[in-house]
Amino acid sequence: METKTALITGSTSGIGRATALKLARGGVRVVVSGRHAERGLQVVEQIRAEGGAAQFVGADLRDARSAAELAAKATESIGGSLDILVNNAAIGAGGPTAGTDESTFDAVLATNLKAPFYLVASIAPAMAARGGGAIVNVSTLAAELALPGLAVYGASKAALDLLTKSWAAEFGPAGVRVNSVSPGPTRTPGSEALGEGLRQLAAQAPLGFVADPEDIAAAIAFLVSDEARFVTGATLDVNGGRTVV
Ligand SMILES: NC(=O)c1ccc[n+]([C@@H]2O[C@H](COP(=O)([O-])OP(=O)(O)OC[C@H]3O[C@@H](n4cnc5c(N)ncnc54)[C@H](OP(=O)(O)O)[C@@H]3O)[C@@H](O)[C@H]2O)c1
């Protein structure tokens, strides 16, 4: 991966941060992104301190325009071309169906589905024109199972998994691979609020433990590497076996 470049959305925290660190350690030049510049710059500093290359490009991903702007700024900041895109930024808002207001519904769909769609629309054609690229969409166990209170969130990610297949078909002939990674319960700043619920959810899977962000980053790093050159349109469950029982 020596000369490759990557944009990882939501890499100021959790799984995205672990993925940025992992790819940078493999020689990839990384664009760290998110709303919070201070946390993003800390990730960039850590990558540089380890001898890697990274920069921060801020974005609040909520519509087609913000996605297109991030794509343009990230591409420019990294020197003109992106080889890897990880659609990781997401909102995990939840609750019972009857109590979900329209603004929450719209925000979840906008960040989790619309923004990845327009990022791919902005970035994949250039990958295709160069004859290759790799995209990973970060999904969730809640896209496969009816987890209580996660209907809208799960639906947004289930739709993203369908886009993984659509894009694999659309861009595959030009050498661009597109896959999903579907994490189970993972200890991150974003999942902290679930408290004991995270451990209880993890306990329902055969492996029974809560993942570290690095466990998910390892799967993402595999899928964007040339080791996965024959893998596209797949969803890789990284959930301790939760979906087999
Ligand atoms: N943790 C789990 O148990 C788990 C399980 C299954 C799936 N996942 C998935 O894994 C991914 C990462 O989750 P995580 O647990 O690592 O969450 P996290 O620690 O809360 O990190 C979420 C990241 O997304 C960014 N983000 C959120 N809204 C954004 C917006 N509007 N615009 C731009 N960036 C935004 C945040 O950056 P800023 O705050 O700087 O904006 C942050 O870097 C998500 O797709 C999530 O659905 C997580």
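Here is a short walk through a few spots in this predicted model, one selection at a time.

**Stop 1: the loop before helix 1**

Start by selecting S13. You'll find it in the loop between strand 1 (5-8) and helix 1. Is S13 buried or exposed? Its relative accessibility is 18%, and the cut-off for buried is under 20%, so S13 counts as buried. Now show what surrounds it: setting aside neighbours within four places in sequence, S13 is in contact with R39 and P189.

**Stop 2: helix 1 against helix 7**

Next, select residues 14-25, which make up helix 1, and then residues 213-224, which make up helix 7. When two helices pack, the pair is described by the angle between their axes and the distance between those axes. Here the angle is about 55° and the axes are 8 Å apart. Helix 1 and helix 7 are therefore oblique to each other. Turn the view until one helix lies over the other: helix 1 passes helix 7 in a right-handed crossing.

Which residues meet where these helices pack? Show side chains for these two groups:

- From helix 1: G14, I15, A18, T19, K22 and L23.
- From helix 7: P213, E214, I216, A217, A218, I220, A221 and V224.

Try colouring them by class. The contact between helix 1 and helix 7 has 10 nonpolar, 2 polar and 2 charged residues.

**Stop 3: T19, inside that contact**

Stay in helix 1 and zoom in on T19. With a relative accessibility of 1%, T19 counts as buried. What does its side chain reach? Look for the backbone oxygen of I15, which the T19 side chain reaches at 2.8 Å. I15 is also one of the helix 1 residues that meet helix 7.

Now widen the selection around T19. Leaving out neighbours within four places in sequence, T19 is in contact with A217 and I220, and also with I8 and V86. A217 and I220 should look familiar, as they are among the helix 7 residues you just picked out.

**Stop 4: I135 in strand 5**

For the last stop, jump to residues 133-138, which form strand 5, and pick I135. This residue is buried, with a relative accessible area of 1%. Show its contacts, not counting residues up to four places away in sequence: I135 touches L85, N87, V120, A124, M127, V176, R177, V178 and N179.

Before you leave, draw a distance between the C-alpha atoms of I135 and A53. How far are they separated? The two residues are 82 residues apart along the chain, and their C-alpha atoms are separated by 20 Å.

How values were computed:
Residues are numbered from 1 along each chain as its sequence is written. This is a predicted model: local features need pLDDT of at least 70, side-chain atom pairs count only at pLDDT 80 or more; totals for chains, interfaces and linings use all residues. Side-chain values use heavy atoms; hydrogens and water are left out. Axes are lines fitted to C-alpha atoms, for helices over the stretch in contact, and angles run from 0 to 180 degrees between N-to-C directions. Helices (H or I, at least four residues) and strands (E, at least two) are DSSP runs, numbered from the N terminus. Angles under 35 degrees count as roughly parallel, over 145 as roughly antiparallel, 65 to 115 as roughly perpendicular and the rest as oblique. A crossing is left-handed if the near helix is turned anticlockwise from the far one by less than a right angle, and right-handed if clockwise. Contact means heavy atoms within 4.5 Å. Ala, Val, Leu, Ile, Met, Phe, Trp, Tyr, Cys and Pro count as nonpolar, Asp, Glu, Lys and Arg as charged, and the others, Gly among them, as polar. Buried means under 20% relative accessible area, exposed over 50%, partly exposed in between (1.4 Å probe, protein chains only). A polar contact is a pair of N or O atoms within 3.5 Å; within protein, one must be able to donate a hydrogen and the other to accept it, and residues adjacent in sequence count only if both atoms are side-chain atoms.
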